[in-house]
Amino acid sequence: MTAEAGLIALWLAAALALLQFTVSCFYMRTEDENLLKIINPIAIVQGLLCLLSFAMLTLLFLDTDLSVLLVAQNSHIDKPWIFKLAGTWGNHEGSMLLWVSILALSGAAIALFEKRLDQKTFTATLMVQAFVSFGFYAFLLFSSNPFERLNPAPREGSGLNPLLQDIGLAFHPPTLYFGYVGLSIAFSVAVGGLISGTINSALARAMRPWALLAWIFLTLGIAAGSYWAYYELGWGGWWFWDPVENASLMPWIAATALLHSIAVMATRDALRSWTIILALVGFAMSMAGTFLVRSGILTSVHAFAVDPERGAFILALMVINVAGALLLYALRINQVRQGKVFNLLSREGAIVGNNILLVSILAIVFVGTLFPLFAEAFADQKISVGPPYFNKATIPFIFLLMILLWAGPLLRWRQDNAERIGKKVITSSITAIVFIIIMAVVLPDTPIFSMLAIALSIGLAIASFMPLMGRKLRRTPLPIYGMVIAHFGIAICAFGMAAESGFSKQLLKSVDIGDSEVIADFNVKLKNVVPTIGDNWVATQAIIEVSDKDDRADEVEMLQPEQRLFFNPNQETSEAALMTRWNGQLYAVLGKQNADGKWQLRIWWKPFVTWIWYGAVIIALGGLIALIGRTNRRRKKHEEANPWA
Amino acid sequence: MKPKHQRLLLAVIAVIGLLVASLIAINALSDEASYFYTPATLNDQEVEIGKAIRLGGMVKQGSIQSAKDGVTINFIVQDKDQEQLVRYTGVTPNLFVEGSGVVADGRLDKDGIFIADNLLAKHDENYVPRELQDIDMGNSQALEKSVIQ
């Protein structure tokens, strides 16, 4: 009965979405106050019903109810419970249900918490949210029903891809989805504003916390996905420019640009049409990402189903939503008053620069991700675009962004003078130059590119704190702290990337048991290779002793990489072993045994690699602090009197 | 400056920025997009030595040979009627076996050997590298066994 209950809840939620849309439409025409009383409850109940439906599917997976087709195809009775739970969204239908649930919950959240919008814009926002939700309900119910029964039920179930049986998977997709779909709120508010004709700084202030919340989730989700790929795939890389990774990066870039231009619109009432466009692009990128991943048009471990009908459905939904919004934008943009004027050397000017650079990076990633699809569709040519393209094309823009970051946050609104700013950025500039000189002397073989990247990130780490100079720290608004911390996180993250790509060391050898090797500052010794067993796998495990090269204290740590053979489905995977130090990680992979009895070992020393993810967490933390500052009531009054301080 | 002019100026700056980005993108694409080859198309066409390309096909039965260092292998990638020698140094993917589909990233060296930097085998039985989906491997039985399954 659980499956039927879930399905009924889903149908009811879809019906309520339709009702919500219709009632909101009526309100927009008649402005009948009585209608307002029911719109909010409808949105909230719709969210709850959808959540109930998702809870039912989760129960089915936890019970491993094999009479449900989806469970039978993606789960197995012998799986640990945490992977049964994660299995709920480790497949096409389940992950789409999660997607739609978050969409519905976003609508409910607007109904419950959004108090800053005027009545008409608010209703128009819920109308748009209901419209978008309804399309995705239809998609689930007509082409991806997660509750379909299977008769007769199999006895075991066919299991979950072992690569996906990992604790990282339990949290990575939901986090990312909260980010993706959370951007729908900014989209709905923007379209709602276009419908009601109120595009002003109040709209931007209403949109900001939602965009910020979605962006925090996106940041964490991307970082989690990157770390998952890093340790689970065993390739030692943390970003592959894989289309699925790009699909998550593109909404993040758009959301980052949006957060900055929102600040201008909320504070100075400028960049209005630009901010609206970014809000539309952000959610469009989320939908494009969903299309890329869910349509199976890219075959990768993420594409669970190769089904053209589904792809066409999502594509149609995306086109309707985005084209509709853009059409409305084109019709209404002439009525949007032009914003206030500013000098280009000003905070506004710096943010325009930030936006143009970010959008350029977005365009480059977009082109590189979709080019192979177009080449195949229209020229029948198989082309793959890989990391060399993305690195070469994006890195100049990233460097420019980092330089802009030194000065941007220090600039005053409206206009500033170059001399004042010059004095303020001199510390970070000198530090960066000194570091370049030191590195050129100490490590003369360093590629110029790595040297530049490291110097830029060190300079940025200092520059990011400059906006706090000369302020009374106790009276500084939280959003300022949020900005400072997020920018510092960028510096940490960039430093990790630069250090890892410039200074990693590799040991690739075939060794006998008992052999010792040296990598970076470590002695590694293959002590033994033993069989081992887990819940649903058996493995060959290497036991590697690691000790510091110069340390005589005989302190030994163990690295235990494995070759695992999973049952149900039968599949071999390689489990890397990691040893973390404050300044990097040792990363070991066990290869095959050669005919002469030696074992292949691949060990990397990756300096400061963990800083990439620490940096991402710091960035998200900065977002969280800003969000608290924006929503805290007591502070809000102060802020409205003195916005962005 | 009037608001109207400011908007125009910003629009012009944005368009110029995007144009520069597109130019860089197109330039980088023409340099770095690696074309996909099978042994047959690789032998038909002149491919520049050292240019990044992808090679896809099936690992020929009995062709994998380990070199003395224990971490380098030489093997033959074949399609319907052509073959290409490939050399790879590193730990091979778990699903890399003879008779199975493979995609290799790498480049041709001056001796005509394909030097692979990276090997992609199927992730699992449901996964087929996109490029291999509709290649005629000739040996249809082996193909079914390894790729379609």
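Axes here are lines fitted to C-alpha atoms, for helices over the stretch in contact, and angles run from 0 to 180 degrees between N-to-C directions. The model is predicted.

**Exercise 1.** Find how helix 2 and helix 5 of chain A are oriented to each other, and which kinds of residue form their contact.

*Solution.*
- Step 1. Helix 2 covers residues 33–63 of chain A and helix 5 covers residues 92–113; their axes come within 8 Å and cross at roughly 155°.
- Step 2. Angles over 145 degrees count as roughly antiparallel, so helix 2 of chain A is roughly antiparallel to helix 5 of chain A.
- Step 3. The crossing of these two helices is left-handed.
- Step 4. Helix 2 of chain A contributes residues including A:N40, A:G47 and A:F54, while those from helix 5 of chain A include A:G94, A:S101 and A:L112.
- Step 5. The contact residues of the two helices comprise 15 nonpolar, 7 polar and no charged.

**Exercise 2.** Carry out the analysis for helix 1 and helix 6 of chain A.

*Solution.*
- Step 1. Helix 1 (residues 2–30) and helix 6 (residues 119–143) of chain A pack with their axes 8 Å apart, at an angle of about 150°.
- Step 2. That angle makes helix 1 of chain A roughly antiparallel to helix 6 of chain A.
- Step 3. The crossing of helix 1 and helix 6 of chain A is left-handed.
- Step 4. Among the residues in the contact are A:W11, A:F21 and A:Y27 of helix 1 of chain A, and A:M127, A:F134 and A:Y137 of helix 6 of chain A.
- Step 5. Sorting the contact residues of this pair gives 19 nonpolar, 4 polar and no charged.

**Exercise 3.** Locate A:T64 and A:R414, and state what their phi angles and exposure are.

*Solution.*
- Step 1. A:T64 sits in the loop between helix 2 and helix 3 (69–74) of chain A.
- Step 2. A:R414 is in the loop between helix 13 (387–407) and helix 14 of chain A.
- Step 3. Most residues other than glycine have a negative phi.
- Step 4. A:T64 is not a glycine, yet has a positive phi of about 50°; A:R414, not a glycine either, has a positive phi of about 65°.
- Step 5. A:T64 has 19 C-beta neighbours inside 10 Å and so counts as partly exposed.
- Step 6. A:R414 has 16 C-beta neighbours inside 10 Å, and therefore also counts as partly exposed.

**Exercise 4.** Is A:A440 buried or exposed?

*Solution.*
- Step 1. A:A440 lies in helix 14 (residues 418–442) of chain A.
- Step 2. A residue is exposed if 12 or fewer other C-beta atoms lie within 10 Å of its own.
- Step 3. A:A440 has 12 other C-beta atoms within 10 Å, so A:A440 is exposed.

Terms used:
Residues are numbered from 1 along each chain as its sequence is written. Chains are lettered from A and ligands numbered from 1 in the order in which they are written. This is a predicted model: local features need pLDDT of at least 70, side-chain atom pairs count only at pLDDT 80 or more; totals for chains, interfaces and linings use all residues. Helices (H or I, at least four residues) and strands (E, at least two) are DSSP runs, numbered from the N terminus. Angles under 35 degrees count as roughly parallel, over 145 as roughly antiparallel, 65 to 115 as roughly perpendicular and the rest as oblique. A crossing is left-handed if the near helix is turned anticlockwise from the far one by less than a right angle, and right-handed if clockwise. Two residues are in contact if their C-beta atoms, placed from the backbone, lie within 7 Å. Ala, Val, Leu, Ile, Met, Phe, Trp, Tyr, Cys and Pro count as nonpolar, Asp, Glu, Lys and Arg as charged, and the others, Gly among them, as polar. A residue is buried if 20 or more other C-beta atoms lie within 10 Å of its own, exposed if 12 or fewer, and partly exposed in between; C-beta atoms are placed from the backbone.
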